[in-house]
Amino acid sequence: MSVENRPRRSCLAVPGSSQKFIDKARTLPADQIFLDLEDACAPLAKPGARKTIVSALNEGGWEGKTRVVRVNDWTTEWTYRDVTEVVEGAGANLDAIMLPKVQTAAQVHALDFLLTQIEKTMGYEVGRIGIEAQIENALGLTNVNAIAAASPRMETIVFGPADFMASINMKSLVVGEQPPGYTEGDAYHYIYMQILMAARAYDLQAIDGPYLQIRDVDAFRRVAQRSAALGYDGKWVLHPGQIDAANEVFSPNQDDYDHAENILDAYEYFTSEAGGKKGSAMIGDEMIDEASRKMALVIAGKGRAAGM
Ligand code: GLV
Ligand code: MG
């Protein structure tokens, strides 16, 4: 799956047990919705939520959105039923399964095998349903490259900051903010970069996780800008109020987009016969060459995907 595929600037978490939130989600401008069977769904509510999710996917109304279901992780007793019920019931109307707390490549293989069996049994196209892997603990991070490479179904690596902070005993209760006492740099930088490198090495999207202070949209924007600046493709949103901010932060701004398109036009001209078949040239005070073209293509690609 190419990083250009499937829009995921804003990935809206929707509890699979709430018909009300599901109905609302259809009307919101999030690029992706994920119907959650994991932490947003109480244990006793999970069997009912599987049914609610199957109906919601089959009823439709998700045009233009990437449709994902987050199942429970393989250390629980719920995963196989989550996958079997949801994919047998609504596999034709589902784009990807999100697997939380992934620690090894084998856990991705297990999901891949199960999906293949269901696709064959149900007569679906084999291999169409993708996998999103959440990295939420130290073991997952140390294995992130193998996890990214584990299956052609892999579409994204997703950072799960809340579980991650808990798993490494970070002394903080505010997800996404720097831990108190940490005054130099960004305490998450190492994790962000490890995930981003694994994603880019295997042509996957890199997605940032949630920001839990849902009413503080300015703070959301500030935190989102950190991962967007590194090149992340999108971020989870937990509340409708965060969606526009995510769509904006993970799209280029208009000036950068226009500039990128100018670079591409200029490059095309000066490398052509008419433009003198040059390897580099100037636009104003800026020298551009093949590497500039590649950088411009990243910004222009994101802008075009965002409909600019
Ligand atoms: C998301 O699942 C998180 O743990 O942050
Ligand atoms: Mg989590």
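**Group meeting talk: a barrel, its helices and a ligand**

Okay, let me start with one pair of residues: Asp208 stands opposite Lys235 in β8. Before I go on, keep in mind that this is a predicted model.

So where does that pair belong? Strand β7, residues 205-208, and strand β8, residues 234-237, pair in the parallel sense, and two bridges hold the count there. If you look along β8 for the partner of Ile207, you land on Gly234.

Now β8 has a second neighbour. Strand β1, residues 10-15, pairs with β8, also in the parallel sense, over three bridges. Here the one to click on is Cys11, whose bridge partner in β8 is Trp236.

Zoom out a bit. What do the eight strands form? They make a closed barrel, running β1-β2-β3-β4-β5-β6-β7-β8, with parallel pairing. On average, and ignoring direction, neighbouring strands of this sheet are turned by 25 degrees against each other. Then there's helix α8, residues 189-201, which packs on the sheet and touches β5 (130-135), β6 (154-159) and β7. Compare directions and α8 makes about 180 degrees with β6.

Right, on to the helix pairs. I've got three of them for you.

The first one I'll show is α2 with α3. Helix α2 covers residues 46-59, and α2 and α3 pack at an angle of about 25 degrees with their axes 9 Å apart. That angle makes α2 roughly parallel to α3. As for handedness, the crossing of α2 and α3 is right-handed. On the α2 side the contact uses Arg50, Ile53, Val54, Leu57 and Asn58, and on the α3 side Asp82, Glu85, Val86, Gly89 and Ala90. Sort the residues of that contact by class and you get five nonpolar, two polar and three charged.

Next, α3 again, but with α4. Helix α3 is residues 79-90, helix α4 is residues 105-122, and their axes come within 10 Å and cross at roughly 30 degrees. That makes α3 roughly parallel to α4. The crossing of α3 and α4 is right-handed. For the contact, α3 brings Tyr80, Val83, Thr84, Val87 and Glu88, while α4 brings Leu111, Leu114, Leu115, Ile118 and Met122. By class, the α3 contact with α4 has eight nonpolar residues, one polar and one charged.

And then the third pair, α11 and α12. Helix α11, residues 254-270, and helix α12, residues 290-305, pack at an angle of about 130 degrees, axes 8 Å apart. How do these two lie to each other? With that angle, α11 and α12 are oblique to each other. The crossing of α11 past α12 is left-handed. From α11 the contact takes Asp256, Tyr257, Ala260, Glu261, Ile263, Leu264 and Tyr267, and from α12 it takes Ser292, Arg293, Ala296, Leu297, Ile299, Ala300 and Gly303. The residues of the α11 contact with α12 divide into nine nonpolar, two polar and three charged.

Last stop, the ligand. Which residues surround ligand 1? Going round, you have Pro100, Gln134, Glu136, Gly160, Pro161, Ala162, Asp163, Gly209 and Pro210. And which helix gives the most to the shell around ligand 1? That would be helix α7, residues 161-167, with three residues. By class, the shell around ligand 1 comes out as four nonpolar, three polar and two charged residues.

So, to pull up the picture once more: a closed barrel of eight strands with parallel pairing, helix α8 packing on the sheet, and ligand 1 with helix α7 as the top contributor to its shell. That's what I've got, thanks for listening.

Note on methods
Residues numbered from 1 in each chain as written. Chains lettered and ligands numbered in written order. Predicted model: local features only at pLDDT ≥ 70, side-chain atom pairs only at ≥ 80, totals over all residues. Axes fitted to C-alpha atoms, helices over the stretch in contact; angles between N-to-C directions. Helix = DSSP H or I, 4+ residues; strand = E, 2+ residues; numbered from the N terminus. Parallel < 35°, antiparallel > 145°, perpendicular 65-115°, else oblique. Left-handed = near helix turned anticlockwise from the far one by under 90°. Contact = placed C-beta atoms within 7 Å. Nonpolar A, V, L, I, M, F, W, Y, C, P; charged D, E, K, R; others polar. Pairing = 2+ DSSP bridges. Near = placed C-beta within 6 Å.
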